[in-house]
Amino acid sequence: MTANTQNDSSVASRYQHLLQQLRDEALKVGRDPASILLLAVSKTHGVDRIREAWHAGARDFGENYVQEALEKITALTPKSVSSTATAGPQTDSLAINWHFIGPVQSNKTRDIAGAFDWVHSVDRVKIARRLDEQRPANKAALNVCVQVNLSDEDTKSGVSLAETAALCQEISQMDRLVLRGLMAIPAVSSDYEQQRQTFRPLKELFDELRTRYATMDTLSIGMSGDFPAAIAEGATIIRIGTALFGQRGS
Ligand SMILES: *Cc1c(COP(=O)(O)O)cnc(C)c1O
């Protein structure tokens, strides 16, 4: 991509630039830009970068690794429920919607259910059941997307297109989960038309499932390298890491 030309820019200016691109791409295909959320993918980046993006206007952040995420969430969350006697200044507390977007291991579901507002990467019923059981009673139901594998590579996470409807049906019965939509991470291609073609079957399935489930309103597709094509194919959340925060260290 063209990220190299922006290496010297601040997170704030990159955020504004990305919002402008989001608007331009939406208007180009006749969509309302307000119907698309820019999710700031902050994995591997520290809380200082998250603060920068927050002050630029970002309120939704995506993380892939549970332990790393929990540390950041703890550092950035209001501490009103814990000891108040020595509570320092609250200036570090940021209101953030946290999205888990990485592969979900079953021994991590309790941490995820306790700390996140969204999980984009549910790809089997066992994981959904655990999140449903472990979602704390004092929190709103957990927003979930079903991750679909569009590339049919054995190594990638995600349920096949053919099995997606059945998993959605199971999740729709779970009290502590809200079925919000579908997510995908397709194989990398630099060709815009190719990217659109890859997203298209997912968009078609999404439109069909929406007629069944009233809570379904989210198509989480598009990353730094393919978000214009994703917007053209109906993305409602684009997940942007590199183009916002720069290259990740190894
Ligand atoms: C890392 C990651 C992103 C962000 O990718 P970029 O190419 O850096 O924008 C988006 N979605 C998922 C699931 C990721 O793991």
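In the predicted model, Val47, Ile50 and Arg51 of α2 are in contact with Lys72, Ala75 and Leu76 of α3. By class, the residues of this contact comprise 4 nonpolar, no polar and 2 charged. Helix α2 covers residues 47–56, and helix α3 covers residues 66–76. The axes of α2 and α3 come within 10 Å and cross at roughly 55°. Because of this angle, α2 is oblique to α3. The crossing of these two helices is right-handed.

Helix α2 also packs against α1. The axes of α1 and α2 come within 8 Å, with a crossing angle of roughly 50°. It follows from this angle that α1 is oblique to α2. As α1 passes α2, the crossing is right-handed. On the α1 side the contact is made by Val11, Ala12, Tyr15 and Gln16, and on the α2 side by Arg49, Glu52, Ala53 and Ala56. The residues of this contact fall into 5 nonpolar, 1 polar and 2 charged.

A further helix pair is formed by α6, which spans residues 161–172, and α7, which spans residues 192–210. Their axes come within 11 Å and cross at roughly 25°. Angles under 35 degrees count as roughly parallel, and α6 and α7 are therefore roughly parallel to each other. Helix α6 passes α7 in a right-handed crossing. The residues that meet are Leu161, Thr164, Ala165 and Cys168 in α6 and Pro201, Leu202, Leu205 and Leu209 in α7. This contact consists of 7 nonpolar residues and 1 polar residue, with no charged residue.

Ser160 lies in the loop between β5 and α6. Strand β5 runs over residues 142–148, and α6 begins at residue 161. Leaving aside residues up to four places away in sequence, Ser160 touches Val148 and Asn149. Ser160 and Leu150 are 10 residues apart in sequence, and the distance between their C-alpha atoms is 7.1 Å.

Open and enclosed spaces were then examined. The largest pocket holds about 830 Å³ of space. Its lining is made up of 40 residues, and those nearest the centre of the pocket are Ile185, Met223, Ser224, Gly225 and Arg248. Three elements, α1 (11–28), β5 (142–148) and α9 (242–245), each supply at least two residues of this lining. Helix α1 gives the largest share, 3 residues. Thus α1 takes part both in the contact with α2 and in the lining of the largest pocket. By class, the lining of the largest pocket is divided into 17 nonpolar, 18 polar and 5 charged residues.

A search of the whole structure found 2 cavities of 30 Å³ or more. The second largest cavity has a volume of about 40 Å³. The residues lining this cavity are Pro186, Ala187, Ser189, Gln195, Thr198, Phe199 and Asp226. They divide into 3 nonpolar, 3 polar and 1 charged. Among them, Gln195, Thr198 and Phe199 belong to α7, which covers residues 192–210. Helix α7 thus contributes to the lining of the second largest cavity and also meets α6 through Pro201, Leu202, Leu205 and Leu209.

Notes. Residues numbered from 1 in each chain as written. Predicted model: local features only at pLDDT ≥ 70, side-chain atom pairs only at ≥ 80, totals over all residues. Heavy atoms only, no water. Axes fitted to C-alpha atoms, helices over the stretch in contact; angles between N-to-C directions. Helix = DSSP H or I, 4+ residues; strand = E, 2+ residues; numbered from the N terminus. Parallel < 35°, antiparallel > 145°, perpendicular 65-115°, else oblique. Left-handed = near helix turned anticlockwise from the far one by under 90°. Contact = heavy atoms within 4.5 Å. Nonpolar A, V, L, I, M, F, W, Y, C, P; charged D, E, K, R; others polar. 1 Å grid on protein atoms, 1.4 Å probe; cavity = no way out; pocket = protein on both sides within 12 Å on 5 of 7 lines; lining within 4 Å. Points joined across faces, edges and corners; volume = space filled by probe spheres on them.
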